[in-house]
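Visitor: Please pick one small part of this model and walk me through it slowly, along with whatever it connects to. I'm new to this, so keep the terms plain.

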Amino acid sequence: MTAAAIVSTTDLQRRYGEGPAAVDALAGVSLEIARGRFTAIMGASGSGKSTLMHLMAGLDRPTGGAVTLDGMDIGGLDDRRLTELRRDKVGFVFQAFNLLPVLTAEENLVLPLTIAGRKPDRDWLESLVDAVGLGDRRRHRPSELSGGQQQRVAIARALVSRPAVVFADEPTGNLDSVASAEVLDLLRTAVDEFDQTVVMVTHDATAAAYADRLLVLADGRIAHDGPAGTAEEILDVMKAVGPAA
Amino acid sequence: MRKVALRGLRARPVRTALTAFAVVLGVAMIAGTYVLTDTINKSFTNILAQANAGTDVVVVPRKVDDDFSSDPPPLDEELVERLRAAPGVRNVAGAVFGQVSIRDRAGKSVSSGANFVSSLQPAPFEQFRFISGRPPRALSEVALDSATFAESDFKLGDRVTIVGARGARRLRLVGSARFGEVASVGGYPVAIATLALSQELVNRERKLDSISVAGAAGVTPAQLRQNVRTALAGAPVTVRTGAEDAAQQVSDLEQDFGFFRTALLVFGGIALFVGAFVIYNTFTITVAQRTRELALLRTLGATRRQVLRSVVFEAALVGLVASLLGLLGGLALAPALRGLFQIIGADLPATR
């Protein structure tokens, strides 16, 4: 593991079920995610990309291999320590239902700090609100925000605790192209300006083109690893990996 | 986290209100029952204490056995004369009380339940307070409890038929009376007659159900009780002070009215039982619908304990507020229940 790696996996495996019916969602993945970089993970449905993300984020436990996050082997952590790890070291952005409907946008934004019982740093909060473009909508409920705005609040929330790494699972899956571009711009900004490490799972080549690095999974293994390039180049890579991808 | 729970309650006002309502109903029913029955018991205690105010010592036939419910044989009237001669005794009077049938003007029984006759006692022992007319003085006269008097549309001077142990007697109605503070005792119609007529009606010539004794000035009830016991040595009697007798009557009444509390509590219990299911259901649905919300909180680093605490906090808050409302509801329900029983003819004391 190089000094710049914030997340690394060693022969990571995840098997569902037992005996002959067992399915290997992840059949041995070793990789390193560099600090301050934007990594996109692609692959067909069932290729194991979401499983990989869940294992790296401590949402699921591997059946083999190891994950190191910010210098910590997370395989041996009990539930409480894993919870603290998610709270302090990891930010999450999901495809949908990122925000609690009963809280305002700003309350959602600072929720990880609220849960941890900490006060937000005023300047940091303001710069996040600026970056999201929330402006005078900070007291609105999520239902009063557009889908793109909700996702940008979710990204700001993932950034608010300055985690070691932000995991985004199909963050643009429910958005139109304009809103998607805004969300991806914000993730790009997080990497470029806030020096944040971002790992994004997506099946959209346009989204992946915002990343620095492209990882493609097929059948639970890494099928491609290289610089992301343009959307066209990414589509070529996907074609080369396999028709299913 | 507490904020999330509070906001959640506010965001689901109908469900919160319905859950709270289920709790309020059950608690109100239970609280109302206890408020009402405790008020009744307290009132009985007061009424009997008041009715027994002039009585220092009471003599009743000794029960053969506490658990054997058959009435013991009545007292001989000659015991009154023996007591008159006892030291420290100022006043002595005997009384009878028994079952009869009181007929209204159409000749039908005034109530489908039991009817009673109670003998009139001289001051200071009289337990009835006449609110119209006067006490009966002759064998041909009778008075009624004021509830029966009003319900059967009797007027003073009417002819009342009372069927006793020796057949029907047509009597002139001369008054109506309240027992202590209430129009009737538990809704039972009671005729008030002279001792001689009462004895005839319940077939106890020269016999008594109880003897009341008042002491001379300076004699304590305990001393008087001892004097009475000495005077009646050998007779099969139980001698109690007025206070002891009132306590005994209260406890007898409480036993009689125990069914009442039990019945109301059963309703309250059913309300709570059904309420518990409603609440259980509501919280199951709430938690199921909030699974995504709770999962998100867990993902963002909330511990199991934090999530559990927020759900329990929500439930505890609803329970606490609704219970307090239910308690207030119970206070309001008690007089309403009493009104209901008054309408169906059971005037339960609930004041003083």
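Guide: Let's start at a gap inside the protein: helix H2 (79-89), strand S6 and helix H6 (147-160) of chain A each supply at least two residues to the lining of the second largest cavity. Helices (H or I, at least four residues) and strands (E, at least two) are DSSP runs, counted from the N terminus. Before going on, keep in mind that this is a predicted model, where local features need pLDDT of at least 70 and side-chain atom pairs count only at pLDDT 80 or more, while totals for chains, interfaces and linings use all residues. Residues are numbered from 1 along each chain as its sequence is written, chains are lettered from A and ligands numbered from 1 in the order in which they are written, and side-chain values use heavy atoms, with hydrogens and water left out.

Back to our gap. S6(A) gives the most to this lining, with three residues. The full lining is Arg86(A), Arg87(A), Val90(A), Gly91(A), Phe92(A), Pro112(A), Arg157(A), Ala158(A), Ser161(A), Thr299(B) and Leu300(B). A cavity, on a 1 Å grid over the protein atoms alone, is a set of points where a 1.4 Å probe fits but cannot get out, and lining residues have an atom within 4 Å of a point. The volume here is about 60 Å³; that is the space filled by probe spheres set on the points, which are joined across faces, edges and corners. Sorted by class, the lining has five nonpolar, three polar and three charged residues. Ala, Val, Leu, Ile, Met, Phe, Trp, Tyr, Cys and Pro count as nonpolar, Asp, Glu, Lys and Arg as charged, and the others, Gly among them, as polar.

Now follow S6(A) outwards. This strand belongs to an open sheet of six strands with mixed pairing, in the order S6-S7-S8-S3-S9-S10 (chain A). Strand S6 (90-93) and strand S10 (221-227) of chain A sit at the edges with a single partner strand each, so one side of each has no neighbour in the sheet. From one strand to the next, the twist averages 20°. Two strands count as paired if DSSP finds at least two bridges between them. At the S10(A) edge, strand S9 (residues 213-218) of chain A runs antiparallel to S10(A), and six bridges join them. In that pairing, Leu217(A) has Ile222(A) of S10(A) as its bridge partner.

A helix belongs in this picture too. Helix H1 (residues 49-56) of chain A lies across strand S3 (38-43), strand S7 (165-169), strand S8 (198-201) and S9 of chain A, and runs at about 150° to S7(A). Axes are lines fitted to C-alpha atoms, for helices over the stretch in contact, and angles run from 0 to 180 degrees between N-to-C directions. Contact means heavy atoms within 4.5 Å.

For comparison, let's visit another gap. The structure holds four cavities of 30 Å³ or more, and the largest has about 80 Å³ of space. Its lining includes Leu9(B), Arg12(B) and Phe283(B). Helix H2 (13-51), helix H7 (242-289) and helix H9 (304-343) of chain B each supply at least two residues of that lining. By class, the lining of the largest cavity has three nonpolar, four polar and three charged residues.

Two of those helices also pack together: the axes of H2(B) and H7(B) come within 8 Å and cross at roughly 175°. That makes H2(B) roughly antiparallel to H7(B). The residues of their contact split into 24 nonpolar, 13 polar and four charged. As for the angle words, under 35 degrees is roughly parallel, over 145 roughly antiparallel, 65 to 115 roughly perpendicular, and the rest oblique.

Methods. On a 1 Å grid over the protein atoms alone, a cavity is a set of points where a 1.4 Å probe fits but cannot get out, and a pocket is an open set with protein on both sides within 12 Å along at least five of seven lines; lining residues have an atom within 4 Å of a point.
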